[in-house]
Amino acid sequence: MHLLNRQHGRIALAATAAGALALTAAACGGSGADDDGLTEDGKIELVVSLFGTFGYTEAGLEAEYEALHDDIDVVIEGDGVNWDAEYRPTLETALETGSGAGDVVGIEEQGVVQLFSNSEHWYDLGKDYSDRASDYVDWKWALGQSPDGTQVGFGTDVGGMGMCYRKDLFEAAGLPTDREELAAAWSTWDGFKALAQQYVDADTGVAFLDGPTQLQNMLLGQLAGQGDGQMYVDADGNLTLDSPAVQESVGTILELHEMGAIGNFVSWSEEWIAAQAEGGFAVMPCPGWMPSGVIEPNSGPDNAGKWDMAAAPGVGGNWGGSWLAVPAQSQHPEEAAELAAWLSAPEQQVKVFEAVGNFPSSPAAQADPKVADSTNAYFSDAPTGQILAASVQNFPPLTYSYYHPPVKGAVETVLNGVVDGTFAPEDAFTEIQSAAEEAIELAGSGL
């Protein structure tokens, strides 16, 4: 759920040295374990190093696992830490130097290709847990593998995808407010653009869409999945900006911008957050973690019932999701692998969903009534479990190149620049080409 900076690796490391040192010290035994990874009373200490909100503490899984294993002391660190600015650079350093990583580490979707590229950094989970493949849809399991086929990651959550919208603003524009009627009306992207034009024509003074990048990211994934799975960069590091997926996804954003349907709200900016509470835009792409984890706290209790969720246009989609992996440097890799397998098991995915709303990546967990029948009271009792599960199960597999994250950041910078007037729409593809080439060069040089 994080946008990557165009600078990659060591520039980012320098900017976050203080945070890196603090986290690395903790992972090296700062929580009370000796150098052999044992606590003073002889228990095996397993440090689980995370970012954002994985929900393990909220779901009580730390205490539950310790109750099942009286010889294990689980220490969960990093809740709330930013993936890009702090966590990823720290983990990269630990992997490169061979020390300082947790026994179990979280990996975000945008980082799996880079961080899993060297299987020597990771404990082979496939040795004892190859049967876990049946717990996942194929693409989620496959993204947990290194290029040589070693299984190094267990999937945790997925994003899934719906469209969140403000019923009051749709009503003011004379648009349908019923989620099923909307889903039918914008089942195709032509239908979505037609509704956007109707909204603009109503001249409510409020933007239709929050900004350009989330929608473009959703459409890019759909189109790439219907083709060869490639997005911005192929497996050899060659830009594929002339592909139908890139051309049509960017072209759709330019078309929506031309009709005046896109708001000037950069994702995660203060203005974007404030607009959710103030009714600054009417609709936004909505991965599974967005409704309860972002919109509800940003919008506040006064807006409860004004929001709703409908199925997304096209073939659904996924945005976000993570994996658990065991660094080879762990002093207790077998015990760490057992913990990672347990934390990511379908039963625990359901508990995390109930605690913090992270949508399970396991089809079995998605089918659990606690998930499948779930509704969101804040979002007008929308059947979020059904909407998100259908989105993920129908979503085609994608190929994430090593260079995908920096190029994605470069493309999104240009699209935001088009909306705020920095770049002319007719220059968008030229600017994207230039920015993407620069991003490739920087990433390739280790910067």
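These questions and answers walk through salt bridges, a disulfide, a helix residue and a strand in a predicted model.

Trainee: Where does K193 sit in the secondary structure?
Mentor: Start with the helix. Its residues run from 189 to 202. K193 falls inside that range, in helix α10.

Trainee: Is K193 buried or exposed?
Mentor: The relative accessible area of K193 is 16%. The cut-off for buried is under 20%. K193 therefore counts as buried.

Trainee: Which residues does K193 contact, leaving aside its neighbours within four places in sequence?
Mentor: Look beyond the local stretch of chain. One of the partners, E255, also makes a side-chain polar contact with the side chain of K193, at 3.1 Å. The full list of contacts is T252, E255, L256 and M259.

Trainee: How far apart are the closest N and O atoms of E255 and K193?
Mentor: The two residues form a salt bridge. That requires a nitrogen to oxygen distance within 4 Å. For E255 and K193 the value is 3.1 Å.

Trainee: How many residues apart are E255 and K193?
Mentor: This salt bridge joins E255 to K193. E255 is in helix α12, residues 244-258, while K193 is in helix α10. The pair links distant parts of the chain, and the separation is 62 residues.

Trainee: Why are D190 and K193 about one helical turn apart?
Mentor: The two form a salt bridge, with the closest N and O atoms 3.7 Å apart. Both residues lie in helix α10. They are about one helical turn apart because their spacing along that helix is three residues.

Trainee: Which residues make up the network of salt bridges around K193?
Mentor: Take the two bridges in turn. D190 pairs with K193, and E255 pairs with K193. The linked residues are D190, K193 and E255.

Trainee: Which member of that network counts as exposed?
Mentor: Compare each residue with the cut-offs. K193 is buried at 16%, and E255 is partly exposed at 37%. Exposed means over 50%. At 58% relative accessibility, the residue that counts as exposed is D190.

Trainee: What is the salt-bridge partner of R166?
Mentor: R166 is buried, with a relative accessible area of 4%. Its partner counts as partly exposed, at 28%. The closest N and O atoms of the pair are 2.8 Å apart, and the partner is D168.

Trainee: How many salt bridges are there by this rule?
Mentor: The pairs covered so far include R166 with D168 and D190 with K193. E255 with K193 is another. The count comes to eight.

Trainee: Which cysteines does the disulfide join?
Mentor: A search of the whole structure finds one disulfide. The S to S distance is 2.0 Å. The link is left-handed, with -85° about the S-S bond. The cysteines are C164 and C286.

Trainee: How many residues apart in sequence are the parts tied together by C164 and C286?
Mentor: C164 is buried at 0% relative accessible area, and C286 is buried at 0% too. C164 lies in strand β5, residues 162-166, and C286 in strand β7, residues 281-286. The pair therefore ties together parts separated by 122 residues.

Trainee: Which residues does V350 contact, leaving aside its neighbours within four places in sequence?
Mentor: V350 is in helix α16, residues 346-356. V350 is buried, at 7% relative accessibility. Its contacts are A365, D368, K370 and V371.

Trainee: How far apart in space are V350 and P369, C-alpha to C-alpha?
Mentor: In sequence, V350 and P369 are 19 residues apart. In space, their C-alpha to C-alpha distance is 9.6 Å.

Trainee: How many residues of strand β9 are buried?
Mentor: Check each direction. G321, W323 and A325 point one way, S322 and L324 the other way, and all are buried. The strand spans residues 321-325 and is mostly covered, with the buried count at five of five.

Trainee: In which sense do β3 and β9 pair?
Mentor: Strand β3 covers residues 104-108. One of its residues, I107, has W323 as its bridge partner in β9. Over four bridges, β3 and β9 pair in a sense that is antiparallel.

Trainee: What is the bridge partner of F154 in β9?
Mentor: Strand β4, residues 154-158, pairs with β9 in the antiparallel sense over three bridges. F154 bridges to a β9 residue, and that partner is L324.

Key. Residues numbered from 1 in each chain as written. Predicted model: local features only at pLDDT ≥ 70, side-chain atom pairs only at ≥ 80, totals over all residues. Heavy atoms only, no water. Helix = DSSP H or I, 4+ residues; strand = E, 2+ residues; numbered from the N terminus. Buried < 20%, exposed > 50% of the residue type's maximum accessible area, 1.4 Å probe, protein only. Polar contact = N/O pair within 3.5 Å; in protein donor to acceptor, adjacent residues only side chain to side chain. Contact = heavy atoms within 4.5 Å. Salt bridge = Lys/Arg side-chain N within 4 Å of Asp/Glu carboxyl O. Disulfide = S-S within 2.5 Å. Pairing = 2+ DSSP bridges.
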